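Q: Got a minute to go through this one with me? I'd like to start with the empty spaces inside.
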Amino acid sequence: PSVTSSGVTSAKDATEGPSTFEDIAVDDYGTYYCMDSYRGRIFAYDSDGNLLYAFGGSSNQEGTVQLASAIELFAGRLIVLDRSAGLIASYDKTSYGESIEEAARLFSAGKYTEAYDKWSDVSRYNGNLTTAYIGMGKSAYFLGDYDTAMKYLRLAGGKEYYSKAFEFKRTAFLQEHFALFFIMLIVLIGLLVVYALGLIKRRKRVYARGSVIGSLHYATHLSFRPFSSFWDLKHEKRGTMAGATIILAVTVIGYVFQKQYSGYLFSSYDPNTYNVLLDIASVLLLVLLWVVANWCLTTLMDGEGSMRDIYLATCYSLTPLALLLIPFTLVSNVLSLTEQPYYSILLAGVFLWTAFLLFVSVLITHQYSVFKTIITCVFIVIGILIIIFIAILFYNLLQHMISFVQSAWQELSFRMTE
C-alpha cells in the first residue's frame, strides 16, 4: 500500500485493491490468523481453511491499527505490531469469537453432536453467519441426519456437502423402493421389445397438410432429417406459422422453467432478483434479431428465403430445445455434483444440435453453399450486434431528448410564472 508522509495508509488505498497478508499466527488447535497489512484486518480460519470471522481496520480509532506489520499469539491474546504508530495492540477474544473457534475445534475433533449444538449457539449470536449454517450442516451430515444437513447447507450455499448428503438420501430411497423400480424397468423394456419386434400393430397417422398438429409432428422428423425436411418445409409447405409459434412458445416456457426449477446443485436461481419477464423478452428478442438480421443480409446476398420462410425455419430449428429443456430440468433435480459433468455435456449437446439445425436452415432455405452459409451466419451474428448497438444508441439519444424537453418545459413554465 502507498503510505503518506506521516506513515498512514491513505483512505483510498484502504478501500481499494486486493488484501496483502503480511504475517500469520497459528494456535494449538489449528486455527490460524492472517493479518492483512493493506487494511489492518485480521482473518481467522479453521484447520480446513474455512473463514471463521474477520475484524479490525486501518485508521486512528481505538481498536484499529494504522499499518500492521506482524502478528503473534500470546497467552490466548492476539498481539499486533503497528509499524506506523510504533505501538503494540492486544486483542482479547469475545464470547462470540470464542464460540466460533470452539465449534470449529469440536468439529475437527469429530465431536459432531457437540459441534452442532455449538454452531447453533453461534447462529443465535449472528443469524446471517453462513459459516455457522455450514458447520451445522456438515455436523448433521456426519451424524447421518441428511435432511437437516441439506436444509442448513442449502441456506448457506454449501453445495459440496449438500451433494454428498443428497447422494446418501437418494441411495436410501432407491434401496427402499428397489422392487418397484425394478418391476417398472422390466415392464418398460418388455414394451420396447414387443414394439420393436412388430408384435403391436402400428397405425400410421396421416395428418392433413397445413394442419397445426401435422406441422408439429413434422418438427420431430425435421430434427433428425434436417436437409430434406427444410426443403419440404419451404417448398412443400409442411410447416405452419401457428406450429412455428407454438414451438417458439414452448422453447420460451422451457427456458423459464429451467431457470426456476433446475436442481439446487445446477441452478443459480435467486427468487429475490429473478425477473421472468426479462428472460421471456431475451429469448423472443434473440429470435427476432436472428430473423431480421437473416432476412436483411440474405436479401443482399441473393438469398431465396422470404421473411416467412426464415421465421418458420428458425422456429423449427428450436425443436430440440422445446422438447428437451423441461425433461433436462426435471432430471437435474435427481442428480448430484458427481453427475454434473455428464449432465453439462448432454445439455451442451442439445444446444449444439439446435445450432446445427439453424445452420442447415440457412443453407437450405437460401440455397447457399456450405462456405457461403458459414460466412452468412458470421455476418448474421455481426448484424445482430450492430442492431443491438444502434438500439442502445437510439435509446440513449431518446433519453437525452426527453431530458432536454423536460428541462426546457420546466424552464419555460418557470419563466411564464414570473
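Q: What's the split of nonpolar, polar and charged residues in the lining of the largest cavity?
A: This is a predicted model, and in it that lining has 4 nonpolar, 1 polar and 2 charged residues.
Q: Which residues are they?
A: The largest cavity is lined by F230, L233, K234, D309, L312, A313 and T365. Helices α8 (226–235) and α11 (307–317) each give at least two residues to that lining.
Q: And what volume does the largest cavity have?
A: About 50 Å³.
Q: How many cavities of 30 Å³ or more are there?
A: There are 2. The second largest cavity has about 30 Å³ of space, and its lining is N294, I310, A313, T314, S361, V362, T365 and H366. Two or more of those lining residues come from each of α11 and α13. By class, the lining holds 3 nonpolar, 5 polar and no charged residues.
Q: OK, pockets now. How much space is in the largest one?
A: About 460 Å³. It has 17 lining residues, and L286, L318, L321, F351 and L358 are the closest to its centre.
Q: Nonpolar, polar or charged, how does that lining divide?
A: The largest pocket's lining has 14 nonpolar residues, 3 polar and no charged.
Q: Switching to helix packing: at what angle do α3 and α5 pack?
A: About 30°, with the axes 10 Å apart, which makes α3 roughly parallel to α5. The crossing is left-handed.
Q: Which residues meet there?
A: From α3, K138, Y141 and F142 meet Y161, K164, A165 and F168 of α5. That contact has 5 nonpolar residues, no polar and 2 charged.

Conventions:
Residues are numbered from 1 along each chain as its sequence is written. This is a predicted model: local features need pLDDT of at least 70, side-chain atom pairs count only at pLDDT 80 or more; totals for chains, interfaces and linings use all residues. Side-chain values use heavy atoms; hydrogens and water are left out. Axes are lines fitted to C-alpha atoms, for helices over the stretch in contact, and angles run from 0 to 180 degrees between N-to-C directions. Helices (H or I, at least four residues) and strands (E, at least two) are DSSP runs, numbered from the N terminus. Angles under 35 degrees count as roughly parallel, over 145 as roughly antiparallel, 65 to 115 as roughly perpendicular and the rest as oblique. A crossing is left-handed if the near helix is turned anticlockwise from the far one by less than a right angle, and right-handed if clockwise. Contact means heavy atoms within 4.5 Å. Ala, Val, Leu, Ile, Met, Phe, Trp, Tyr, Cys and Pro count as nonpolar, Asp, Glu, Lys and Arg as charged, and the others, Gly among them, as polar. On a 1 Å grid over the protein atoms alone, a cavity is a set of points where a 1.4 Å probe fits but cannot get out, and a pocket is an open set with protein on both sides within 12 Å along at least five of seven lines; lining residues have an atom within 4 Å of a point. Grid points are joined across faces, edges and corners, and a volume is the space filled by probe spheres set on the points.
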